[in-house]
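I opened this notebook to keep a short record of what I looked up. The entries follow the order of my questions.

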Amino acid sequence: MGYRLAAAGACAVLGLAVAGCGSGGDAAQRDQHVLLLSIDGMHESDLADYVSAHQDSALAKLAARGAHYTNAQAPAPADSFPGMVALLTGGSPKTTGVYYDDTWARDLLPAGTKDCATAKKGAQVALTEEIDKDTDQLDGGQGLSGLPNGIAAMTGDPSAVLDPAKLPVDPATCKPISPSDYLKVNTVFSVVHEAGQRTAWSDKHPAYQIVNGKGGRSVDDLFTPEIDSKSPKGPAWSKDVDAVKQYDTYKADAIVNEIGGKDHSGTQSPGVPAVFGMNFQAVSVTQKLPVSKGYGADGKPGAPLAASLDFVDQQIGRFVAALDKAGLGDKTTIVVTAKHGQSPIKPDALTRVDDKPIVDAVNKEWAATHPQTPKLIEHSIDDAALVWWLADRSPEATAFAKRKVLETNGTGTDINGNPKPFTASGVDPSQVFAGAEAAKFFGAAADDTRVPDLFAGTAGTVYTAGKSKIAEHGGDSPDDRHVALLVVGSGIAKHDVADQVSLTQVAPTILARLGLDPGKLDAVKSEHTASLPS
């Protein structure tokens, strides 16, 4: 399958990037800018179906002149933070240290620790709205007036709205650790910034300060309105299919401003970023909410989800038009993908299971014979998989936890709220990994201080105590991991790539498209991450 690029001079073309060329290769394979867009929740099937049914859409027009990767995989667990970090670092959780958006670090101290000499190690690391100064406010607690429509005035440095008292503490310095310090590697933004070029990004929580990467601030303009704050309707923006479109529009407006050479607010004119972009939440939110009904029995989007896809397409159309108006249409690589998918697609596959009784039962039975460890499961984050960190990591304890998961049967609810029995805690029995198995599953060392002690994938189970969700992500199923990926840019002709690729391969590709060295990414060096193939 030959790649359709202009001649690459002395360098051998192996894919979208040019291997063996430290600067990223011949100018024919370069662009001045890269616009990265994550349509959170968008499966490959969603993209293929949408393009087929909407030939005049912005997505179809991009697909008509780009590389469409039909077997792109998000890392497991397929959650927002591992996915976003993969796209920007070229690394998987074993290298980046980011296994989820709410994790446990065995080598850190709990938030608020003052006496670091005697404190016990082990801390929750929340990369969510929980670490905002004010979780109810769209600006994260900055104190702006005129919200929500005045959100464009929000700071471009979300560090300013993170509450240090809610951050884990470094035992060596006894100081709070920011999300970017928690990340073990640098990012695309780090490399581009060091090259003297401008960077920008927009995402859903101030906790996305993490994308600065190890080594300090590298995103010149980081716009992060809080999606889980209260909307004008009362509930969070993420709880309403119309409100979330309004929320996404604020970020889309920022992108249009940046294409025009301004900052996200439109008040300063620092120039167009070399690499910039945003995530869309409308599709992900609509997939989850029962009022939307999600997908039909045929796996095709229902009317509300179709409308959210239309909304995102319209915004992408705005970006393409703005690039053309600015004379940048033929100088910009556009990457359209998704941090994660969403599961299940088929409504009849859904089983909602309350995980609290499962966790409580494991803790209670263990404590009965191990009173020194009254809480075996030190931290759990269960969305579309069971992800547990244990207080006792011995083979006995991890084997016990796995056995209890496999032995637990019960009754959950189906998509209509009717009783639905489940076995093995709702997981796929062949996808339960504990102790050394879990470390091996993630490719991590056994003494990794952040790797989960138990990971159990599912095939349609959503862990929730109520009936407020019909889909989730965070697992290892195809619905979670098989995501959209489209790359459009100079020298790229329309073609499909059926090879399996990883979202980690986007990061080195971005740098190569800008003529920068992918080898300057820590995770690329560690994992030998290749750029996207032809």
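The entries below cover a predicted model, taken topic by topic.

**Entry: the disulfide**

I began with the cysteines. How many disulfides are there? The count comes to one disulfide. The pair is Cys116 and Cys174, and their sulfur atoms lie 1.9 Å apart. I noted the cut-off here: sulfur atoms within 2.5 Å make a disulfide, so this pair qualifies. For a new reader I add that a disulfide is a covalent bond between the sulfur atoms of two cysteines.

I then looked up where the two ends sit. Cys116 is in the loop between β4 (102-105) and β5, while Cys174 is in the loop between β6 and β7 (175-176), so the disulfide ties together parts that are 58 residues apart in sequence. The torsion about the S-S bond of Cys116 and Cys174 is about 85°, so I wrote the disulfide down as right-handed.

Are Cys116 and Cys174 buried or partly exposed? Cys116 has a relative accessible area of 15% and is buried. Cys174, at 28% relative accessibility, counts as partly exposed.

**Entry: strand β4**

Since Cys116 follows β4 in a loop, I turned to that strand next. Asp102 and Trp104 are on one side of β4, Thr103 and Ala105 are on the other, and all of them are buried. I recorded both faces of β4 as covered. How does β4 run relative to β5? The two strands are antiparallel and are joined by four bridges. I looked up one partner: Ala105 is bridged to Ala123 in β5.

**Entry: cis peptide bonds**

I looked up two cis bonds that precede prolines. The bond from Leu147 to Pro148 is cis, with omega near 10°. Pro148 is in the loop between β5 (123-126) and β6 (169-170). Ser343 and Pro344 are also joined by a cis peptide bond, with omega about -5°. For Pro344 the place is the loop between β11 (332-337) and β12 (351-353).

**Entry: positive phi**

Which residues did I note here? Ala424 is not a glycine, yet has a positive phi of about 50°. Ser425 is likewise a residue other than glycine, and its phi is near 60°. Ala424 lies in the loop between β16 (419-422) and β17 (432-434), and Ser425 is in the loop between β16 and β17 too. Ala424 counts as buried, at 5% relative accessibility. Ser425 is buried as well, with a relative accessible area of 0%.

**Entry: Val432**

From that loop I moved on to β17, where Val432 is placed. Val432 is buried at a relative accessible area of 4%. What does Val432 touch, leaving out residues up to four places away in sequence? The list is Lys402, Val405, Leu406, Val427, Glu437, Phe455 and Ala456. I also looked up one C-alpha separation: Val432 and Ile358 are 74 residues apart along the chain, and their C-alpha atoms are separated by 15 Å.

**Entry: Thr337**

My last residue was Thr337, in strand β11. Its relative accessible area is 0%, so I entered Thr337 as buried. Leaving aside neighbours within four places in sequence, Thr337 is in contact with Leu36, Leu37, Ser38, Ile39 and Leu87. Its contacts also include Val483, Ala484, Leu485 and Leu503.

Notes: Residues are numbered from 1 along each chain as its sequence is written. This is a predicted model: local features need pLDDT of at least 70, side-chain atom pairs count only at pLDDT 80 or more; totals for chains, interfaces and linings use all residues. Side-chain values use heavy atoms; hydrogens and water are left out. Buried means under 20% relative accessible area, exposed over 50%, partly exposed in between (1.4 Å probe, protein chains only). Contact means heavy atoms within 4.5 Å. Two strands pair if DSSP finds at least two bridges between them.
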